[in-house]
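Me: I should like to go through the terms used for this protein and see what each rests on. Please set the values against the cut-offs.

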Amino acid sequence: MEVETSETTKHQEFVGVDLGINHLATLSTGEIFDGVRSYKKYESKLARMQYLNRHKQKGSNNYRKACVNIARLHQKIANIRKDTLHKITTYISKNHAVIGIEDLNVSGMLANGKLSKAIADMGFYELRRQLEYKTQLYGSKLVIVDRFYPSSKTCSHCGEKKTSLSLSQRVFKCDHCGFECDRDVNAAINLKQEAVRLTVLACGLDSADTFRMKQEEKAGIC
Ligand SMILES: [Zn+2]
């Protein structure tokens with residue numbers, strides 16, 4: 001693997017990354033990365049293979065062959081997913097010095113039946129895990145923004161916070177200053193700004209490559 005850590009590759013120092021269902025990752029630069037919904041794509045194929053296998057005699061040659069094919073399909077799905085995530089996380093870690101990302105409550109989201117499949121499929125957790133070690137590898141820094149920080153509801157232009165914002169609203173429109181922006185890009189810009197703020201706060205206190213700022217710690221820093 002090619003490893004570049006020179007400063008020239010970090011074309012924009014700070015970046016915010018918003019993770020979502022619509023697009024896997026939206027950057028504050030406006031770049032969008034779509035996840036390969038690999039499981040969904042092969043789901044019916046897998047289900048059919050598993051169904052057909054139920055009618056085969058256990059231990060028979062046909063049964064064993066089918067088991068191998070099912071395992072192969074599982075592996076294929078896992079590989080596609082991994083490959084997509086690696087491309088995204090390498091790109092982000094190599095091109096930015098400080099990366100702000102929301103601290104997602106993955107287990108909480110998985111309890112929500114409707115979204116759980118899509119979220120699990122997109123691999124938020126894996127993306128975060130890869131960012132954690134790749135930022136160390138490429139000499140950048142990952143800033144985990146508190147998950148209660150209202151990145152979606154806040155106007156990235158004037159800082160005004162909306163009281164409500166439904167998931168169906170794809171465009172963020174500020175009632176205060178009139179700023180209009182793609183919802184995910186607005187959230188990503190806020191995450192970037194929060195990463196800047198937290199980095200300034202933590203400056204000199206924490207030189208670790210990855211650090212986490214909790215709400216209660218913030219108050220006592222300056
Ligand atoms: Zn505004």
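The exchange below takes up confidence, burial, contacts and helix terms in turn.

Me: What makes some parts of the model less reliable than others, given the pLDDT over residues 1-9?

Reply: This is a predicted model, and the protein averages a pLDDT of 83, with 80% of the residues scoring at least 70. Over residues 1-9, however, the pLDDT is below 50, although this stretch has 13 contacts in the model beyond near neighbours in sequence. Residues 207-222 also stay under 50, with 34 contacts beyond four places in sequence. Where pLDDT is low, the predicted coordinates should not be read in detail.

Me: Why is Cys-155 called buried or exposed?

Reply: The relative accessibility of Cys-155 is 1%. Buried means under 20%, so Cys-155 counts as buried.

Me: What makes Cys-158 buried, partly exposed or exposed?

Reply: Cys-158 has 34% relative accessibility. The middle class runs between the 20% and 50% cut-offs, and therefore Cys-158 counts as partly exposed.

Me: How many disulfides does the protein have?

Reply: A disulfide requires a pair of cysteine sulfur atoms within 2.5 Å. By this rule the count comes to zero.

Me: How do you know where Thr-154 belongs, and what makes it buried or exposed?

Reply: Thr-154 is found in the loop between strand S5 (141-145) and strand S6 (171-173). Its relative accessible area is 9%; the limit for burial is 20%, so Thr-154 is buried.

Me: What contacts does Thr-154 make, neighbours within four places in sequence aside?

Reply: Thr-154 is in contact with Gly-159, Glu-160, Lys-161, Phe-172, Asn-186 and Asn-190. In addition, a polar atom of the Thr-154 side chain lies 2.7 Å from the backbone oxygen of Pro-150. A polar contact has a limit of 3.5 Å, and the value of 2.7 Å falls within it.

Me: Why is Val-98 called buried or exposed, and which residues does it touch?

Reply: Val-98 is found in strand S4 (residues 98-102). The relative accessible area of Val-98 is 7%, and burial means under 20%, so the residue is buried. Not counting residues up to four places away in sequence, Val-98 touches Glu-13, Phe-14, Val-15, Lys-141, Val-143, Ala-195 and Thr-199. Val-98 and Thr-135 are 37 residues apart in sequence, with 8.6 Å from C-alpha to C-alpha.

Me: What makes His-74 buried, partly exposed or exposed?

Reply: His-74 has its place in helix H2 (residues 61-95). Its relative accessibility is 38%, which lies between 20% and 50%, so His-74 counts as partly exposed. Beyond four places in sequence, His-74 touches Leu-46 and Gln-50. The C-alpha atoms of His-74 and Leu-46 are 8.1 Å apart, with the two positions 28 residues apart in sequence numbering.

Me: How do you know that the span of helix H6 agrees with what is expected?

Reply: Helix H6 (residues 183-202) has 20 residues and reaches 28 Å from its first C-alpha to its last. That is close to the 28 Å expected at 1.5 Å a residue.

Me: What makes H6 covered or uncovered, and which residue caps its N-terminal end?

Reply: In H6, 15 of the 20 residues are buried, and the helix is accordingly described as mostly covered. Asp-182 caps the N-terminal end, with a side-chain oxygen 2.9 Å from the backbone nitrogen of Asp-184.

Me: What share of the whole protein counts as buried?

Reply: Of its 222 residues, 42% count as buried. The secondary structure comes to seven helices and eight strands.

Note on methods:
Residues are numbered from 1 along each chain as its sequence is written. Side-chain values use heavy atoms; hydrogens and water are left out. pLDDT is the predictor's confidence in each residue, from 0 to 100. Contact means heavy atoms within 4.5 Å. Buried means under 20% relative accessible area, exposed over 50%, partly exposed in between (1.4 Å probe, protein chains only). Helices (H or I, at least four residues) and strands (E, at least two) are DSSP runs, numbered from the N terminus. A polar contact is a pair of N or O atoms within 3.5 Å; within protein, one must be able to donate a hydrogen and the other to accept it, and residues adjacent in sequence count only if both atoms are side-chain atoms. The expected span of a helix is 1.5 Å times one less than its number of residues.
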